[in-house]
Amino acid sequence: MPTKPASGTLVNTSHALATNLFVAYLCNEGSGTTLVDSSQAAVQKNAVVSLTAISWGLSKFDGISSALVSVATAGATAVDTPDSLNLTGNMSVVAYIFNTGSDAYGTMFQVSASKGWWLHVSGAGFKSDLYTAADHESATVLSLNTFYTLGITLSGTLATFYTNGVADGTATVVPGFLFSLMVNDSLSETFIGTFDTFYAWNNRILTATEMLDLHNDPFAMYGTGQGALLSSKRNRIVLAA
């Protein structure tokens, strides 16, 4: 199983998957109140974490305290993502999650009350739901207490869902996503479980092969070269204790 890079490791910008990478949250800080963007994109997009709603738990990848865990109930404070997290055109997103029992709409990322990426309850489980005034869902029902690699690509208005690197349904949606809240939304719809890692690409549609590669090796973009640099010189957003 791949090992999550150490906190502060940056993406190797020469890697093919780094092209048009917009944001990368490894969720490996292990403490503190910031998700640091390790993408090396032109604008760094750190996110502010409320520790009253969030704790740090064991990662799927290395078994240490390096994953963001939402242990809150409905109405808890959300993670505040930056205004610059605006996916305006074609896009790809990938998240590694472990759902322990979210609300009927468990918030991954919210754009507005009627737009965003949720886990939507479906029968005995949940489905990946790119909501734009209506539910647009993946085909697979996701079990509780199981790690999944979830992905979505958007080409124009055509969304393609991926589950564990495999195409999992399509839908026609309204494009343009300014992700403003993570884990909880303005309607107090809470994701309860683990966010292990999150990536987003703007103006890039990942191929099916790339989606499968990211499922099999989520950290291929990190390693030698520029990706081995630490982010000690990059600005961070930190809440007062």
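## Strand 17 and two salt bridges

Glu-210 has a relative accessibility of 18%, so this residue counts as buried. The cut-off explains the label, because buried means under 20% relative accessible area. The model is predicted.

**Overall make-up**

The protein has 241 residues, and 54% of them are buried. Its secondary structure comes to one helix and 17 strands. Take the contacts between residues at least 6 apart in sequence: 65% of these join residues at least 24 apart. The protein exposes about 9200 Å². Carbon and sulfur atoms supply 56% of that exposed area.

**Salt bridges**

How many salt bridges does the structure hold? There are two.

One of them involves Glu-210, whose side chain meets that of Arg-204 at 2.7 Å, N to O. Arg-204 is buried too, because its relative accessible area is 13% and the buried class covers values under 20%.

The other salt bridge pairs Lys-4 with Asp-196, and here the closest N and O atoms are 2.6 Å apart. Lys-4 sits in the segment before strand 1, while Asp-196 is in strand 17, so this pair ties together parts that are 192 residues apart in sequence. Are the two partners buried or exposed? Lys-4 is buried, because its relative accessibility is 5%. Asp-196 is buried as well, at 0% relative accessibility.

**Strand 17 and its partners**

Asp-196 leads straight to strand 17. This strand covers residues 193-202. How many of its 10 residues are buried? The count is 10 of 10, so the strand is mostly covered.

Strand 17 pairs with strand 1, strand 5 and strand 8. The table gives each pairing, with one bridge as an example.

| Partner strand | Residues | Sense | Bridges to strand 17 | Example bridge |
|---|---|---|---|---|
| Strand 1 | 21-25 | antiparallel | four bridges | Ala-24 with Tyr-199 |
| Strand 5 | 65-70 | antiparallel | three bridges | Val-69 with Thr-194 |
| Strand 8 | 91-99 | antiparallel | nine bridges | Ala-95 with Phe-198 |

To trace these pairings in the viewer, begin at Tyr-199 of strand 17, the bridge partner of Ala-24. Phe-198 of strand 17 is the bridge partner of Ala-95. Thr-194 of strand 17 takes that role for Val-69.

**The loop between strand 11 and strand 12**

Strand 11 covers 125-132 and strand 12 covers 147-155; His-136 lies in the loop between them. Asn-145 is found in that loop too.

Is His-136 buried or exposed? His-136 is buried, because its relative accessible area is 15%. A polar atom of the His-136 side chain lies 3.5 Å from the backbone oxygen of Ala-134. Beyond its neighbours within four places in sequence, His-136 touches several residues. Ser-128, Asp-129 and Leu-130 are among these contacts. Phe-161 is also in contact with His-136. So are Ala-171, Thr-172 and Val-173.

Asn-145 is partly exposed, with a relative accessible area of 47%. What is the phi of Asn-145 near? The angle is near 60 degrees, a positive value in a residue other than glycine.

**Around strand 14**

Asn-164 also has a positive phi, near 50 degrees, and is likewise a residue other than glycine. Asn-164 lies in the loop between strand 13 (158-163) and strand 14. This residue counts as partly exposed, because its relative accessibility is 25%. That value falls between the limits: buried is under 20%, exposed is over 50%.

Strand 14 runs over residues 166-172 and contains Ala-167. Which residues does Ala-167 contact, leaving aside its neighbours within four places in sequence? They are Phe-161 and Tyr-162. Phe-161 is thus listed as a contact of Ala-167 and of His-136.

Ala-167 can also be placed against Ser-138. The two are 29 residues apart in sequence. In space, their separation is 9.0 Å, C-alpha to C-alpha.

Key. Residues are numbered from 1 along each chain as its sequence is written. This is a predicted model: local features need pLDDT of at least 70, side-chain atom pairs count only at pLDDT 80 or more; totals for chains, interfaces and linings use all residues. Side-chain values use heavy atoms; hydrogens and water are left out. Buried means under 20% relative accessible area, exposed over 50%, partly exposed in between (1.4 Å probe, protein chains only). Helices (H or I, at least four residues) and strands (E, at least two) are DSSP runs, numbered from the N terminus. Two strands pair if DSSP finds at least two bridges between them. A polar contact is a pair of N or O atoms within 3.5 Å; within protein, one must be able to donate a hydrogen and the other to accept it, and residues adjacent in sequence count only if both atoms are side-chain atoms. Contact means heavy atoms within 4.5 Å. A salt bridge is a side-chain nitrogen of Lys or Arg within 4 Å of a carboxyl oxygen of Asp or Glu. Accessible areas come from the Shrake-Rupley method with a 1.4 Å probe; for residues, only the protein chains shown count as cover.
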